[in-house]
Amino acid sequence: MRIQPRRQILNVWASMLAHCYRDGEWVWGGQAGTNSIGDAEQLLCILYPATQIESFALHDPDRIADDVRDVLSPLGRRIGPRVIQILDEYLQRYERDGQPIFSADSYLQHPQEAAPVPAQRELDVVDSYSMSLTLCLAGLQFVREVRSVRNRRTEKRMEAALTLVQERLARRLTAAMVGLIRSFVVRFVDPGSPDGRAMLSMFNQTGEETGAVVAAVARRLERVRTRLRDATLTRTSEDDEDELEDTGLLFECGWSWGLVRDAQEIGFVDTPLSTAEGYAAQRPYLYFTAVALDGINDLSRSSTRELDLLDEEQRRLAGALQLRWEIAQRFWSTMARFGTGRWPLEDIPWRTADGKESDYFSLSMSALLIQDLVSREASDDDLTRATPIFGELARRGRITSRLTEDDPARALHFPGVALSLEGSETVGDGPQLTWVVSDYAPTLLKRTLQAAQLSGTLATRDQLLELSQATMTHLERRAFTAGTAKGLWDDADRYFASESYGGERVSESSDSNDVPSWYFTERIIECLVVAAKAYQDPPLRSAQSSARSRDLLSEADHLLNQRFLDLSENDHTPNRQALERIELKLSRARTWIEERPGTAHSLCAEALRELDELEFATSDAMRGE
């Protein structure tokens, strides 16, 4: 299926309002019920495109596109203020005594035989911090834009409401940033321990001696160690400094699943999360690291700087997060490509330090690599090498290959990969909780689109875009086809049941599961926003195409000058008019020859054809005489 961001985003918006907006009230909750993360994802399905794509802007009633206005007509004529009201409902819904709540609640999984205790349901997860960071930045931008449009026309009641929403957004943003800082961890590993051997089994792709590999890793990560040493990031013990100096130890860094046990307090920020007790294990998770990096990436957007969305305290926190963002990206990108032979990333599936393996972990590593390549505008060599990895992950995930009966790849999508939240069992003597990730296909789509946008090689970009379209086709088949959730995701139960035996896809959605997953739908919206931005870039051009266009332009220009040379100054016949049209066409070709050589080539070819027709007509007339 061709990816068409405008049409597909509008279709999602129409489906959302049919499902969520009833009798003038916004209905919260999805497949997993309601919680601070899922409801933020639900709201971002509208707010994210509205603040990231100019043609979807909702803040100025005089500039809303007709098709956008038609789709959002259930919200009434005052679309901007209504979105602000729904945003405020969310902010108040997840505040207690004036302080933001980030509990994962219904998103947390647990063993069937042991229910979580109430204290466990209130646990924060990095996903909640990251999603709130994205929501708050989008919300602050939207409030700023609504205020700038209304300006002096803003009635006092509306201005007061905007001020309150802005204050709540700023408070939640600060807390989310603090949560992300205190969830970052650096973990040191003895190469001879089970975890160390698991790490080395991935890094050592050429069968080198253990000592040589450890020394090579230390050399490759010297810059990362220096940044960690100079930055004095989150410290969990007084021995960390000595361990950081010990190049005989392996280490890994990134984000755990929540506030890390014994994480350093942040004294200059007045929010409970600055001193709250942490329970998460002191080790990074690939999934939560990728999620955190995505959220922090929104802090570096030009709109955040240009609109001056952060206060002085938040800018200080943003600096700390930016440093962690750079360090984590560089670490995982280096490890993905470590060595002189095969990349560890190419050795699918990826094995984590705890010895667990999954194609999803390889996809997470690919995501971390692409994020690093995007931030550093890397050369095409790495992208060319990464492209077959995406293709292999799509095949192994049965996105571009047939799903067989009892295929283990099904579990990557439904119910998903379960991540044990180590440390959660210490809360209220409850069971160890799990976090289930089922976004394999949307993650693959987002990263292939980002890689395609970054690629400067036509063949590589075409491969990535072809894979993106195949992934979108897979995703479209998983949308609900009937019921109140029609057009939303994820109807995985029905899709994978119908695919089990290669049979025809059923046309009716299951009434028992006719509720959308905002976790899944929001991630597809993110993909469509990435696609929209990629389409806004100039088309990729090759040196060969530019050279050929210049050759045609030179020939056409020369022939045109010959025709003008034979033309009398007093000649005002259609012959002169035709030559002047050709001259204008070549002028346009000259304008586009660098940015759009294919267009220039077409214009030059048309000019040459018309010049040939004129020459033939002249010759024919002379023969007639």
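The lining of the second largest cavity is nonpolar throughout: six nonpolar residues, no polar ones and no charged ones. Those residues are Trp-26, Leu-43, Ile-46, Leu-75, Val-83 and Ile-86. Helix 2 and helix 4 (79-93) are the elements that each put two or more residues into this lining. The space inside comes to about 40 Å³. Keep in mind that all of this describes a predicted model.

How many cavities of 30 Å³ or more does a search of the whole structure find? The search turns up three. The largest one has a rather mixed lining, with three nonpolar, five polar and two charged residues. Going round its wall, you meet Tyr-48, Gln-52, Thr-134, Leu-137, Ala-138, Gln-141, Asp-298, Arg-301, Ser-303 and Thr-304. Helix 2 (36-52), helix 6 (126-150) and helix 13 (302-306) each bring at least two residues to that wall, and helix 6 has the largest share, with four.

Here are the two cavities side by side:

| Cavity | Volume | Lining by class |
|---|---|---|
| Largest cavity | about 60 Å³ | three nonpolar, five polar, two charged |
| Second largest cavity | about 40 Å³ | six nonpolar, no polar, no charged |

Now for the nonpolar cores. The largest one holds 170 residues, and Trp-13, Leu-58, Phe-288 and Trp-435 are the members that touch the most others in it. Helix 6 is the top contributor to this core, giving 12 residues. If you'd like a place to start looking, try Trp-13: leaving out residues up to four places away in sequence, Trp-13 touches Cys-45, Ile-46, Pro-49, Ala-50, Phe-56, Leu-58, Val-68, Val-71 and Leu-72. One of those partners, Ile-46, also lines the second largest cavity. Apart from the largest core there is another, of 18 residues, including Leu-552, Ile-593, Ala-607 and Leu-611.

Stepping back to the whole chain, the domain assignment splits it in two. Domain 1 is made of 5-188 + 251-507 + 514-536, while domain 2 covers 543-624. How far apart do the C-alpha centres of domain 1 and domain 2 lie? The distance is 53 Å.

Last stop, Arg-548. You'll find Arg-548 in helix 22, which runs over residues 543-565. Is Arg-548 buried, partly exposed or exposed? Arg-548 counts as partly exposed, because its relative accessibility is 44%, and that class sits between under 20% for buried and over 50% for exposed. Arg-548 and Gln-42 are 506 residues apart along the chain, and 50 Å separates their C-alpha atoms.

Technical notes: Residues are numbered from 1 along each chain as its sequence is written. This is a predicted model: local features need pLDDT of at least 70, side-chain atom pairs count only at pLDDT 80 or more; totals for chains, interfaces and linings use all residues. Side-chain values use heavy atoms; hydrogens and water are left out. On a 1 Å grid over the protein atoms alone, a cavity is a set of points where a 1.4 Å probe fits but cannot get out, and a pocket is an open set with protein on both sides within 12 Å along at least five of seven lines; lining residues have an atom within 4 Å of a point. Grid points are joined across faces, edges and corners, and a volume is the space filled by probe spheres set on the points. Ala, Val, Leu, Ile, Met, Phe, Trp, Tyr, Cys and Pro count as nonpolar, Asp, Glu, Lys and Arg as charged, and the others, Gly among them, as polar. Domain bounds come from an automatic or database domain assignment. Buried means under 20% relative accessible area, exposed over 50%, partly exposed in between (1.4 Å probe, protein chains only). A nonpolar core is a set of buried Ala, Val, Leu, Ile, Met, Phe, Trp, Tyr and Cys residues joined through side-chain atoms within 4.5 Å. Contact means heavy atoms within 4.5 Å.
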